[in-house]
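Subject: The structure we talked about

Hi there,

Here is the structure I promised to pass on to you. Have a look at it first, and then read on for what turned up.

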Amino acid sequence: SHSSKASKQPRKRCTNIDECEEMSEERELDANAQIPFKTTPEGVRYRDTQPGSESETAVTKGDVVNMKYRVMRLGKRSSDNLSGEASSVFSLGYGEDDDTTNDVLTAKVGGGELVKAIDSALIGLRPGGIRRLFVVPELGWKKINASCTAASNNALNTGMASAGGLDALGQAVVPLAQVVDNDACIEETKLPQPRNFGARRRLARRYDEGLLVEIELIKNLGKIN
């Protein structure tokens, strides 16, 4: 019979500080893999991993909300882009990224403040709920203009059709040598945004991949003029 040691997969060794940071922060998402996913009218795939309170008001366009979030890179075992392994790119509200557990992002839904995927996926979520969504680059942190096409920035990700944006080994598709050239293609005005240099550097390496975002809705403040 095989020993338990023989059945264990060897842990991959990290070769630079970014890889080491990501591997140390990997979290398993398989526990929610059985929950069916849904799709917003804009085509954003999501899964509710924690339902919101039925006594609270669901988010509609124009509402101002307080939320916490995690933006994560998908691991190679993610079969549906919403489960498997994930490692943090940047976050807010969990004390993981030069922030505190009291921090929230306040933004208006449907007002052009948020990246398109999050703007779309917040609709219908109730306070207390946690929603996990798959963000393709074009609905996330990649600018869409003539100078930021897949051909011009040498990225392997060709956009919506590729969905995952990871190669066969689950590695980043944006080579490090091209990060400097690609900085001009990163969306730096839409929320959420990384708040420190390390997080910004991680996003610069990952923005042209499909990313996993987990939103925890803290409060729906309703329509505020």
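How many salt bridges does the count come to? The count comes to eleven salt bridges. Before I go through some of them, please keep in mind that this is a predicted model.

**Salt bridges around helix H5**

Let's begin with Glu209, whose side chain meets that of Arg73 in a salt bridge, at 3.9 Å from N to O. The two partners come from distant parts of the chain: Glu209 is in the loop between H5 and strand E8 (211-223), Arg73 is in strand E4, and 136 residues separate them. Are these two charged residues buried or exposed? Glu209 has 1% relative accessibility, so it counts as buried. Arg73 counts as buried too, because its relative accessibility is 10%.

Glu209 also forms a salt bridge with the side chain of Arg206, here at 3.3 Å from N to O. With a relative accessible area of 2%, Arg206 is buried. Elsewhere, Arg70, Glu96, Arg132 and Glu214 are joined into one network by salt bridges that share partners.

Next comes Arg202, which you will find in helix H5. Its side chain meets that of Asp97 in a salt bridge, at 3.3 Å from N to O. Why does this pair tie together parts that are 105 residues apart in sequence? Because Arg202 lies in helix H5, whereas Asp97 lies in the loop between E5 and strand E6 (105-108). Both ends are buried: Arg202 has a relative accessible area of 6%, and Asp97 has 8% relative accessibility. Arg202 has another contact as well, since a polar atom of its side chain lies 2.8 Å from the backbone oxygen of Val89.

**Helix H5 itself**

Helix H5 covers residues 197-206, and seven of its ten residues are buried, so the helix is largely enclosed by the rest of the structure. The buried ones are Gly198, Ala199, Arg202, Leu203, Ala204, Arg205 and Arg206. If you zoom in on the start of H5, you can see a side-chain oxygen of Asn196 that reaches to within 3.2 Å of the backbone nitrogen of Gly198.

**Aromatic rings**

How many aromatic pairs does the structure hold? There are two aromatic pairs. In one of them, the ring centres of Tyr69 and Phe90 are 5.9 Å apart and the planes are at 80°, so this pair is edge-to-face. Tyr69 belongs to strand E4 (residues 63-74) and Phe90 to strand E5 (residues 85-92), so to speak two distant parts of the chain, 21 residues apart. Tyr69 and Phe90 are both buried.

Phe90 also pairs with Trp141: the ring centres are 5.9 Å apart with the planes at 80°, so that pair is edge-to-face. Phe90 lies in strand E5 and Trp141 in the loop between strand E7 (130-135) and helix H4 (179-182), so the pair ties together parts that are 51 residues apart in sequence. Trp141 is buried, as is Phe90. Through these ring pairs, Tyr69, Phe90 and Trp141 are linked into a cluster.

Two arginines lie over ring faces as well. Arg45 is over the face of Phe37, at 4.4 Å from the ring centre, and Arg70 is over the face of Tyr94, at 3.9 Å from the ring centre.

**The nonpolar core**

Here is a bit of background: in soluble globular proteins, nonpolar side chains tend to be buried together. In this model, the largest nonpolar core has 41 residues. Which residues have the most contacts inside it? They are Ile118, Leu122, Leu133 and Trp141. E4, E5, E6, helix H3 (116-121), E7, H5 and E8 each supply at least two residues of this core. E4 gives the most, with six residues.

You have met Trp141 twice now: it belongs to the ring cluster with Tyr69 and Phe90, and it is among the residues with the most contacts inside the largest core.

Enjoy exploring, and write back with any questions!

Best wishes

Terms used. Residues are numbered from 1 along each chain as its sequence is written. This is a predicted model: local features need pLDDT of at least 70, side-chain atom pairs count only at pLDDT 80 or more; totals for chains, interfaces and linings use all residues. Side-chain values use heavy atoms; hydrogens and water are left out. Buried means under 20% relative accessible area, exposed over 50%, partly exposed in between (1.4 Å probe, protein chains only). Helices (H or I, at least four residues) and strands (E, at least two) are DSSP runs, numbered from the N terminus. A polar contact is a pair of N or O atoms within 3.5 Å; within protein, one must be able to donate a hydrogen and the other to accept it, and residues adjacent in sequence count only if both atoms are side-chain atoms. Rings of Phe, Tyr and Trp (its six-membered ring) pair if their centres lie within 6.5 Å; planes under 30 degrees apart count as stacked, over 60 as edge-to-face and the rest as tilted. A charge sits over a ring if NZ of Lys or CZ of Arg is within 6 Å of the ring centre and within 35 degrees of the ring normal. A salt bridge is a side-chain nitrogen of Lys or Arg within 4 Å of a carboxyl oxygen of Asp or Glu. A nonpolar core is a set of buried Ala, Val, Leu, Ile, Met, Phe, Trp, Tyr and Cys residues joined through side-chain atoms within 4.5 Å.
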